[in-house]
Amino acid sequence: MNHALETNLKAYNTFGFEYHCKGIIRIFSVEMLQDVLSKNFKPFKILGGGSNVLLTENIDAYILKNEIKGISITQEDEDQILVRVGAGEIWHQFVMWSLSHHLSGLENLSLIPGTVGAAPMQNIGAYGVEQETAFHHLEAVHIETGSIHEFSKEVCQFGYRESIFKNTLKDQYFITHVTYQLYKKPQSLHYSYGAIEEVLNAHNISNPSSNDIAEAIIEIRKSKLPDPKTIGNAGSFFKNPVISKEQFLTLRNTYANLPHYPVSDTSVKIPAAWLIDQLGFKGITRNEVGVHKNQALVLVHYGSGQGQDVRMLAQEIQAKVKSTFNIEITPEVNIW
Ligand code: EPU
C-alpha cells in the first residue's frame, strides 16, 4: 500500500509550495483512523485544509489528511440546536449550511479557509467573534492509544488563536468531530465592526439578518484577502501582539494614530498589519513571495518560490518591527 501513496504536498497547502512527504493517507472515518494508528505509518503529522501551515522543507513523515465528513443535528429545542460536524468538512461550507438552515452563530466566521477540525485547534476568529462562542464540545482520538475522548469548552482552554491542542496536548489528539450550538433566532449579532457597518450602509441595510452579515463579511474578505486559488497564502501570517498599556502610551507619543484595542486594564492589542504597513512592507516582493498589497498581515506566494523565502521575509519583518517599535510579533501560521 505504501508505494501507491501520493507524496506531493503542493495541492495540500494553500501557500502552494511543492514539498514531498512519505505518503498522504486520507482519513475518512474514526475506524479508519484507529486502523491506521495501529499500523506502522510513523512518524506522521496531521493536516486539515493546509490553510494555516508554511512548509519549508520535505517532510520525512506520513501526512494524515482529515477527510471525516458529515453534518448532523444531535439535539434540538425551539430556540437552539446542537450540530455535530465531521472535522474534515470545509469550514465555510459548514457556515453556509448553517445559514441555509436559518441558524445563527457562525455568520461572522464566513469564508475563513480551512477545515472544521482546525477551527477549535486555533480558535479561529474574525470581526469580533471567535469560534469558541458557538463551540459546544469536540471528539478526538488519542493518538497513542486510539481511544475516543470528549472535550468540553472549558477543557479546550481557548484563547486568541490558541487552544490546549496547540499547547499541552500538541500532537496528542486527532480531532474527529466538533459540535456547535447554534440558534434559530439570533442571540446577538455582531456588526459594529467599522468595515461591516460600511458595507451594510452601502446596501441600505439597517437591521441585518445573519445572512446579511455573512454576505457583508464575504464581500470584505474578498476585497482584502487574496484567494489562495490565485495567489498562495495562509491568511494572517502573524498574530496581533499584545503590549502593556505603558508601552502603548510611550509609543503613542511618537505614533499619535497608533490603532489599538483594549485587552485588559493593563494591556492593549496592536494590529500587526499597521506596524508592518508603517515600515513600508505592504506590496513588496522578494523572490516570488511578498506582502499582499491590500493587507499587510498576509504573506503571499506568487507561484515558483520556496517556503524558505517566506520564512526569511517573515524574519526580516519581525526584526524590523522589533527594532523600530520594540514589539515582538509571532507567526500565527504553523511552520513545518
Ligand atoms: N491595517 C493597516 N494596514 C493594512 C491592514 C490593516 O494599517 O494593510 C490596520 C488598520 O488600522 C486596521 C487594523 O490594521 O483597522 C486591523 O486590520 P483588519 O481589520 O484587516 O484586521 P487584522 O487585525 O489585520 C484580524 C485577524 C483576521 C480577521 C480580521 C477581521 C488576526 C491575526 N487576524 O486581522 O483573521 O479576518 O482581524 O476580524 O487576528 C486570520 O487569522 O487568518 C485572519 C485573516
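This section describes a pocket, a helix, the cysteines and several backbone features of the structure. The model is predicted.

The second largest pocket encloses about 940 Å³ of space. Its lining is formed by 33 residues, and those nearest the pocket centre are Thr 14, Pro 113, Asp 227, Pro 228 and Lys 229. Three elements each give two or more residues to this lining, namely α2 (91–100), α6 (210–224) and β12 (232–236). Of these, β12 provides the largest share, with three residues. By residue class, the lining of the second largest pocket comprises 15 polar, twelve nonpolar and six charged residues.

Helix α9 spans residues 307–325. For its 19 residues, a rise of 1.5 Å a residue predicts a span of 27 Å, and the end C-alpha atoms of α9 are indeed 27 Å apart, so the expected and modelled values agree. The buried residues of α9 are Gly 307, Asp 309, Val 310, Leu 313, Ala 314, Ile 317, Val 321 and Phe 325. Because these residues cover an arc of only 155 degrees around the axis, they lie on the same side of α9.

With respect to the cysteines, the count of disulfides in the model is zero. Cys 21 has a relative accessibility of 7% and therefore counts as buried, the cut-off being under 20%. Cys 156, at 0% relative accessibility, is likewise classed as buried.

Several backbone features were also identified. Most peptide bonds are trans, and most residues other than glycine have a negative phi. An exception to the first tendency is the peptide bond between Lys 42 and Pro 43, which is cis, with an omega of about -10 degrees. Pro 43 belongs to the loop that connects α1 (30–38) with β2 (44–47).

Positive phi values occur at two non-glycine positions described here, Tyr 127 and Glu 288. At Tyr 127, phi is about 50 degrees. This residue sits in the loop between β7 (125–126) and β8 (129–130), and its relative accessibility of 12% places Tyr 127 in the buried class. At Glu 288, phi is about 70 degrees. Glu 288 is located in the loop between β16 (285–286) and β17 (289–291). With a relative accessible area of 35%, Glu 288 is partly exposed, whereas Tyr 127 is buried.

Terms used
Residues are numbered from 1 along each chain as its sequence is written. This is a predicted model: local features need pLDDT of at least 70, side-chain atom pairs count only at pLDDT 80 or more; totals for chains, interfaces and linings use all residues. Side-chain values use heavy atoms; hydrogens and water are left out. A disulfide is a pair of cysteine sulfur atoms within 2.5 Å. Buried means under 20% relative accessible area, exposed over 50%, partly exposed in between (1.4 Å probe, protein chains only). On a 1 Å grid over the protein atoms alone, a cavity is a set of points where a 1.4 Å probe fits but cannot get out, and a pocket is an open set with protein on both sides within 12 Å along at least five of seven lines; lining residues have an atom within 4 Å of a point. Grid points are joined across faces, edges and corners, and a volume is the space filled by probe spheres set on the points. Helices (H or I, at least four residues) and strands (E, at least two) are DSSP runs, numbered from the N terminus. Ala, Val, Leu, Ile, Met, Phe, Trp, Tyr, Cys and Pro count as nonpolar, Asp, Glu, Lys and Arg as charged, and the others, Gly among them, as polar. The expected span of a helix is 1.5 Å times one less than its number of residues. The arc is that of the directions from the helix axis to the C-beta atoms.
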